[in-house]
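Subject: Structure handover

Hi,

Here is the structure for you to look over. My notes follow below it.

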Amino acid sequence: MELLKERILKDGLALNENVLTVDSFLNHQVDVNLMDKIGEEFYNYFKSKKIDKIVTIESSGIAPAYTTALRFNLPLVILKKQQSSILNGNLYETTVHSFTKNKDYTLTCSKDFIKDNENILLIDDFLANGEAVLGALRLFEKSNSNLVGVGIVIEKSFQPGRDKLNNAGLDVYSLAQISKLSKGVIEFK
Ligand code: G4P
């Protein structure tokens, strides 16, 4: 998506070989007009599929997932990162390891909002190591729902996530694919 790539070059900051900061339009302040175009782009790519729900992972996936859900006119479900609650039997939950943050977290979803046989489109802001998407996939498997597509705003193609999702047989569409980062340098695939 050219508009997004131009914006990354203009306002993104490569902190080092691994981390791109996009706080001014995606992760902290949000450019709602850009999010609207991102929703349109995901809609155009995935519209031929039968989709029942748009799902994202809190928190930075919410903005692009919201505009995508609006285009599809479908509900948006937000997977939560929280402590496991053995007292709440109404949750699907799985443990996810974040390599970027070097910690585990519990990803949860109420059984009320993902149901048997539903077709899910998952939208997230970054694809790095792919662990968040694979964690979401485990929740969908527990609920007998189907992950029919994954929309990613910014993919860091030099990290292992893309290969892991390809190996899982997922249909992944990334709007910007970054092949290289280093201090002050951003290159696209
Ligand atoms: P993975 O899911 O692909 O395995 O990624 P990983 O655990 O390594 O990344 C964890 C968090 O770091 C995610 O945010 C992800 O969006 C974010 N992240 C990864 N690489 C970058 C990067 O280069 N730049 C920025 N800005 N973020 C990156 P999170 O913990 O889910 O936080 P939130 O912002 O969604 O609340």
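**Ligand site**

An oxygen atom of the ligand is 2.3 Å from an N or O atom in the side chain of Lys81. Bear in mind that this is a predicted model. Two further contacts to ligand oxygen follow. For Ser60, a polar side-chain atom lies 2.8 Å from an oxygen atom of the ligand. For Asp125, the distance from a polar side-chain atom to a ligand oxygen is 3.4 Å. Taken alone, the ligand exposes 720 Å², and the protein buries 85% of that.

Where does the ligand sit? The ligand is in the largest pocket. There are 20 residues around the ligand. Those that come nearest are Leu20, Lys81, Thr100, Gly130 and Lys156. By type, the shell divides into six nonpolar, eight polar and six charged residues. Two elements, strand 7 (119–127) and helix 5 (131–142), each supply at least two residues of that shell.

**Lys81 and Glu131**

Lys81 deserves its own entry. Its place is in strand 4, which spans 76–81. Is Lys81 buried, partly exposed or exposed? Lys81 counts as partly exposed, because its relative accessibility is 37% and that class runs between the cut-offs of 20% and 50%. Lys81 also pairs up in space with Glu93: twelve residues apart in sequence, 9.5 Å apart from C-alpha to C-alpha.

Glu131 is in helix 5. The relative accessible area of Glu131 is 19%, so this residue is buried. The cut-off matters here, because buried means under 20%. Across the chain from Glu131 comes Lys164: 33 residues away in sequence, with 8.8 Å between the C-alpha atoms.

**Strand 9**

Strand 9 covers residues 172–182. Two of its residues are worth a look.

- Leu175 is in strand 9. It has a relative accessible area of 3%, so it is buried. The C-alpha atoms of Leu175 and Lys5 are separated by 8.3 Å, although the two residues are 170 apart along the chain.
- Ser182 is in strand 9 too. Its relative accessibility is 17%, so Ser182 counts as buried. The C-alpha atoms of Ser182 and Asn16 are separated by 4.8 Å, with their positions 166 residues apart along the chain.

**Backbone points to check**

Most residues other than glycine have a negative phi, and most peptide bonds are trans. Three places in this model go the other way.

- Which residues does the cis peptide bond join? Glu58 and Ser59, with omega at about 0 degrees. Ser59 is found in the loop between strand 3 (53–57) and helix 4 (62–72).
- Asn73 is not a glycine, yet has a positive phi of about 55 degrees. The loop that holds Asn73 runs between helix 4 and strand 4. Is Asn73 buried or exposed? At 69% relative accessibility, Asn73 counts as exposed, because exposed means over 50%.
- Asn102 also has a positive phi, near 55 degrees, and is a residue other than glycine. Asn102 sits in the loop between strand 5 (91–98) and strand 6 (103–110). With a relative accessible area of 62%, Asn102 is exposed.

**In short**

The ligand sits in the largest pocket, and the protein buries 85% of the area that the ligand exposes alone. Its contacts include Lys81 at 2.3 Å, Ser60 at 2.8 Å and Asp125 at 3.4 Å. For the backbone, look at the cis bond between Glu58 and Ser59, then at the positive phi of Asn73 and of Asn102.

Best regards

Conventions:
Residues numbered from 1 in each chain as written. Predicted model: local features only at pLDDT ≥ 70, side-chain atom pairs only at ≥ 80, totals over all residues. Heavy atoms only, no water. Near = heavy atom within 4 Å. Polar contact = N/O pair within 3.5 Å; in protein donor to acceptor, adjacent residues only side chain to side chain. Areas by Shrake-Rupley, 256 points an atom, 1.4 Å probe, with all protein chains shown as cover. 1 Å grid on protein atoms, 1.4 Å probe; cavity = no way out; pocket = protein on both sides within 12 Å on 5 of 7 lines; lining within 4 Å. Sits in = over half its atoms within 2 Å of the grid points. Helix = DSSP H or I, 4+ residues; strand = E, 2+ residues; numbered from the N terminus. Nonpolar A, V, L, I, M, F, W, Y, C, P; charged D, E, K, R; others polar. Buried < 20%, exposed > 50% of the residue type's maximum accessible area, 1.4 Å probe, protein only.
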